[in-house]
Amino acid sequence: MKHENETAHAAPLGQVERGVDRLATLQPRLTVRLQSFPESNGRRNWTALLVRVEAWDGLVGNCGGITVARGEFWNRVAYEAERAKLLIGERDTEPDIMDYGEDIKTPEEWAGEVRGGRPVTAPRKRANARGKPTAGLA
């Protein structure tokens, strides 16, 4: 319970406050970055990284992030990056895999999301093996 003489503390830049009052914890804000890396054969591979928004020393050897996806075709890695953005709350709709279906090697070749994403709703009830409804995503 908060007393009248206590002041509310704002979360530091780049962090999100989770919980209430004394049980609150500060967690870093995350984003997904899509980046290309050169290969020894002259080609380049695309990598989607889950990284912190604020600058920090990071994880050694991986540009300060965790690899979400990696591949030669930009669109395939971009699809997984957009799915990761949905998971951390940076987008409201699930990306349509058909928008990312052709083999595209650079972001300049891509036409964008034509079909748009599927709105994410509350978990739907689905039937288990015995036909009884269970909570969860279909």
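Helices (H or I, at least four residues) and strands (E, at least two) are taken as DSSP runs and numbered from the N terminus. On that basis the protein has one helix and nine strands, which run β-β-β-β-β-α-β-β-β-β from the N terminus on. This is a predicted model, in which local features need pLDDT of at least 70 and side-chain atom pairs count only at pLDDT 80 or more, while totals for chains, interfaces and linings use all residues. Residues are numbered from 1 along each chain as its sequence is written, and side-chain values use heavy atoms, with hydrogens and water left out.

Buried residues (under 20% relative accessible area, 1.4 Å probe, protein chains only) account for 22% of the 138 residues.

The largest nonpolar core, a set of buried Ala, Val, Leu, Ile, Met, Phe, Trp, Tyr and Cys residues joined through side-chain atoms within 4.5 Å, holds twelve residues, among them Val32, Trp46, Trp74 and Ile104. Two or more residues come from each of β4 (44-52) and α1 (74-88), and α1 gives the most, with six.

The elements that help to cover the buried residues of α1 include the following.

| Element | Residues |
|---|---|
| β3 | 30-38 |
| β5 | 65-71 |

Within α1, the buried residues include Asn75 and Glu82 as well as Trp74. Trp74 is in contact (heavy atoms within 4.5 Å) with Leu34, Trp46, Ile104, Lys105, Thr106, Pro107 and Trp110, when residues up to four places away in sequence are not counted. The 15 residues of α1 should span 21 Å at 1.5 Å times one less than the number of residues, and the end C-alpha atoms are 21 Å apart, which agrees. After α1 comes Gly89, with a positive phi near 90 degrees.

Definitions and conventions
Buried means under 20% relative accessible area, exposed over 50%, partly exposed in between (1.4 Å probe, protein chains only).
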